[in-house]
Amino acid sequence: MKSTLKVNDKLWKEIKSQFPKIDKAVVKTGIQSDAGENDGVSIAEYAAFNEFGTRNIDERPFMRKTFDDNLANYNKLIERLFKGMLGGKLDAKMAFSILGQQTEDDMKNTITTGNFKPNSDITINGGWMKSPSGKPFYVKGKGSNRPLIDGGAMIGAIRYEVEGV
């Protein structure tokens, strides 16, 4: 999956001429590196395992899916926000914060409503597995078939940050 945002070039040039500082502005939405840990595993690493998959975890690309599914809406929102900045109704920080909040809300919605591959039987019910070295260990089942949601640590760690404004 590839995500690309397209902005009206004429409007973008006009905005850049009036607001030079937004040229370096960035909105980061997802699991930030300081999200902490859950059961001894970095929440950011756990999110990456789910986003891209591993040998034992199916790919469930909630971040890429969010942006792919909402690109048209984001392009329209960006245009409205920039027009609001040009009209003096919004400053750059507020405009980028509105975009960030929208992407955060959409990503959480993708997790709760997205159509992802169901959890495996061992994930749902628990049971014995073997480590790569062959040592057996017990996996506690989560009791639910809903992918990406267990105790809520990952979805609760999703947030946006605005930088460069």
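Before I turn to the pocket, let me say how I sort residues: Ala, Val, Leu, Ile, Met, Phe, Trp, Tyr, Cys and Pro count as nonpolar, Asp, Glu, Lys and Arg as charged, and the others, Gly among them, as polar. Please also keep in mind that what we are looking at is a predicted model.

With that sorting, the lining of the largest pocket divides into 15 nonpolar, 10 polar and 8 charged residues. The space in this largest pocket comes to about 1,200 Å³, and of the 33 residues that line it, Y46, I57, T123, V139 and D150 are the closest to its centre. Two or more lining residues come from each of α2 (43-52), α5 (121-125), β4 (126-130), β5 (136-140) and α6 (153-157), and it is α2 that provides the largest share, with 4 residues.

Now to S42, which sits in strand β3, residues 41-42. Is S42 buried or exposed? S42 is counted as buried because its relative accessible area is 19%, and the cut-off for buried is under 20%. The side chain of S42 reaches the backbone nitrogen of A44 at 3.3 Å, and, if we leave aside neighbours within four places in sequence, S42 is in contact with G36 and E37.

Finally, E161 belongs to strand β6, residues 158-163, and is partly exposed, with a relative accessible area of 23%. Its side chain makes a polar contact with the side chain of R159, at 2.8 Å, while beyond four places in sequence E161 touches V26, V27, K28 and Q32. E161 and F96, although 65 residues apart in sequence, are 9.1 Å apart in space, C-alpha to C-alpha.

Notes:
Residues numbered from 1 in each chain as written. Predicted model: local features only at pLDDT ≥ 70, side-chain atom pairs only at ≥ 80, totals over all residues. Heavy atoms only, no water. Buried < 20%, exposed > 50% of the residue type's maximum accessible area, 1.4 Å probe, protein only. Contact = heavy atoms within 4.5 Å. Polar contact = N/O pair within 3.5 Å; in protein donor to acceptor, adjacent residues only side chain to side chain. 1 Å grid on protein atoms, 1.4 Å probe; cavity = no way out; pocket = protein on both sides within 12 Å on 5 of 7 lines; lining within 4 Å. Points joined across faces, edges and corners; volume = space filled by probe spheres on them.
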